[in-house]
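Here is a walk through the cysteines, the rings and the greasy surface of a protein model. Have the structure open as you read.

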Amino acid sequence: MAVGIFCVAMFCFITLLPHLIWGPGEDALSLTLEQGGVGDSTDYDVQLIMKRKTLCRAGFNDSLAGAECYSPGNTEESGIAPAFLLFLAQFISGIGGSLYYTLGTSYMDDNIKRSKTPALVSVTYFMKMLGPAVGYSLASFFLKVYIAPDLTPSITNTDPRWLGAWWAGWAVLGSLLLFMAFLISMFPQTMPRTIIRRREARARGEQVEQSASSEKASLSDMIDTVKRLLKNKIYMCNTLAAIFYMFGFMPFWMYTPKYIEVQYRVSAARASFFTGSVGLVFSAFGILISGFVITKFKPTARCLAMWNVFVSIIAVCATITYPFLGCNESDMQSRQMVLHKDEVQQACNLNCDCDFVKYSPVCSEDGQTTFISACHAGCRDFAMEDNKKIFTDCSCIPSPIGAAAFQLSEDSIEVSNFSVQDLASNNDSVLTTSTPSSFISNLPQFLGGRAFSGPCPVDCTAMFYSYIALVCLLKFTGASGRTSNFLVSVR
């Protein structure tokens, strides 16, 4: 067990290595005030040119000639070394986790009375679920800190480009696990109280069940045991059910924080907190309560199996409802960010060369439209106001002055019912083949507004809390079947 915990500690430190070796990365450094997108350069003109890369290049003057566009040929491949380290860490973690949980469960079962197994198993699973809750809380704390703590970020932690100090938590956890591995290594093969209990049982002439670890193991014994388990229909069905459940559940739970962050527009730290601290706490209490209920009422094995089936039905029903708990405002803005190859798109940013501009969302000044970048919004310049970057002269965003002065001509009235905002939002249904060409050619004079860094704010609070409530219900009911599933498998 100590070797297993030591392996998990090594997993933490190996996961930390990519940051120590390669650093936070150029994308993260470009979002800091100290390095401004050009590494350690302090040349203002160079910084200006680098920042211009995200703007529309139509009509650039000679002073901006050095701002080359991004292209696939300019991207640098980091190689497979970082990915190899992460895969190696996961491989070692799998070995360590398997050692600890398989041997740990047997060790506990050999050193307690059978009547106390349900309660202690539920406490064990309770702590196992409470651990990730603490881990998610730790992650939430470190994700509020920028990936380079010694630098000052130019964005807030609500910006989708924010990268938190993901690496710091692994150092803390790895150190704690090393300490726990040392403590576990000091445990005896059999607990003293268990030795006394077995000695007293022998004195009373009772048959004592010896620990499997006290018998000499052999390869033939293992093969015979595996064959016997493969012929046990109840055990195999229960195991297969658990495997399929984990195949569906683990990817869902791994991507839940990112889904919450994107769908409901919350920060990475907040998404991690609600996914871990809130959801896993409900799981922990579901395990704890179910263990004590089983201990008190002692239901039959058939009842335990039927409860697992009932829990699975609830999980399926809850999962089906997730797609209906989206956020319409967030979905609408996501649709607006999709590039359209229509007349309006060509009119406002066709010549901007935005194909390889990095994802850097901006919001139109009316707060209604989010663009992939300032280039996609057709912005040709930027200014700083109160330490905030404001993009100006955006050909895809209506100017308040131009919109106020806009008057529909008789020709445009015959075309369709539209507004300047529709034109700036790249609405597919705005222009038709009968739209006057003179109107399209004069379109830029009505546009040329401003944009602000970051996506437009949306209010998804109600749907977000509804989603979290359903997740908590699902976690509570699902966890209540963990203890019964363990007992069916072991007994």
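Helices here are DSSP runs of H or I with at least four residues, and they are numbered from the N terminus. Keep in mind that this is a predicted model.

**The nonpolar patch**

With that numbering in hand, let's start on the outside. F282, F285, I289, V293, F297 and F476 come together as a nonpolar patch on the surface, and their accessible area adds up to about 570 Å². Which helix gives the most to the nonpolar patch? That would be α10, with five residues. F282 is one of the residues in helix α10. Is F282 buried or partly exposed? Its relative accessibility is 39%, so F282 counts as partly exposed; the window for that label runs from 20% to 50%.

F297 belongs to the patch and also has a charged partner: K296 lies over the face of the F297 ring, 6.0 Å from the ring centre.

**Rings on the inside**

Now for the aromatics. Searching the whole structure turns up 15 aromatic pairs. One of them is F274 with F464, an edge-to-face pair with 5.1 Å between centres and 85° between the planes. F274 sits in helix α10 (residues 268–297) and F464 in helix α18 (residues 461–479), so this pair ties together parts that are 190 residues apart in sequence. Unlike F282, which is partly exposed, F274 and F464 are both buried.

The pair isn't on its own, either. Ring pairs link F252, Y259, Y264, F274, Y322, F464, Y465 and Y467 into a cluster. So helix α10 turns up twice in this story: F274 in that helix pairs with a ring in α18, and the helix also gives five residues to the surface patch.

**The disulfides**

How many disulfides does a search of the whole structure find? Four. Three of them are set out here.

| Disulfide | S to S | Torsion about S-S | Handedness |
|---|---|---|---|
| C56–C352 | 2.0 Å | about -75° | left-handed |
| C327–C460 | 1.8 Å | -75° | left-handed |
| C363–C456 | 1.9 Å | about 105° | right-handed |

Where do these links sit along the chain? Take C56 and C352, joined by a disulfide. C56 is in the loop between α3 (44–52) and α4 (81–110), while C352 is in the loop between α13 (343–349) and β1 (362–364), so the link ties together parts that are 296 residues apart in sequence. C56 has 0% relative accessibility and so counts as buried, and C352, at 1%, counts as buried too.

Next comes the disulfide that joins C327 to C460. This pair links distant parts of the chain, 133 residues apart: C327 is in the loop between α11 (301–321) and α12 (328–336), and C460 is in the loop between β5 (447–453) and α18. Both C327 and C460 are buried.

Then there is the disulfide formed by C363 and C456. C363 is in strand β1 and C456 is in the loop between β5 and α18, which puts these linked parts of the chain 93 residues apart. C363 and C456 are both buried.

**Two more cysteines**

To finish, compare C12 and C303. C12 has a relative accessible area of 2%, so it is buried. C303 has a relative accessible area of 46%, so it is partly exposed.

Terms used:
Residues are numbered from 1 along each chain as its sequence is written. This is a predicted model: local features need pLDDT of at least 70, side-chain atom pairs count only at pLDDT 80 or more; totals for chains, interfaces and linings use all residues. Side-chain values use heavy atoms; hydrogens and water are left out. Rings of Phe, Tyr and Trp (its six-membered ring) pair if their centres lie within 6.5 Å; planes under 30 degrees apart count as stacked, over 60 as edge-to-face and the rest as tilted. Helices (H or I, at least four residues) and strands (E, at least two) are DSSP runs, numbered from the N terminus. Buried means under 20% relative accessible area, exposed over 50%, partly exposed in between (1.4 Å probe, protein chains only). A charge sits over a ring if NZ of Lys or CZ of Arg is within 6 Å of the ring centre and within 35 degrees of the ring normal. Patches are made of residues with over 30% relative accessible area and no salt bridge: like charges are joined within 9 Å, nonpolar side chains (Val, Leu, Ile, Met, Phe, Trp, Tyr) within 5 Å. Accessible areas come from the Shrake-Rupley method with a 1.4 Å probe; for residues, only the protein chains shown count as cover. A salt bridge is a side-chain nitrogen of Lys or Arg within 4 Å of a carboxyl oxygen of Asp or Glu. A disulfide is a pair of cysteine sulfur atoms within 2.5 Å.
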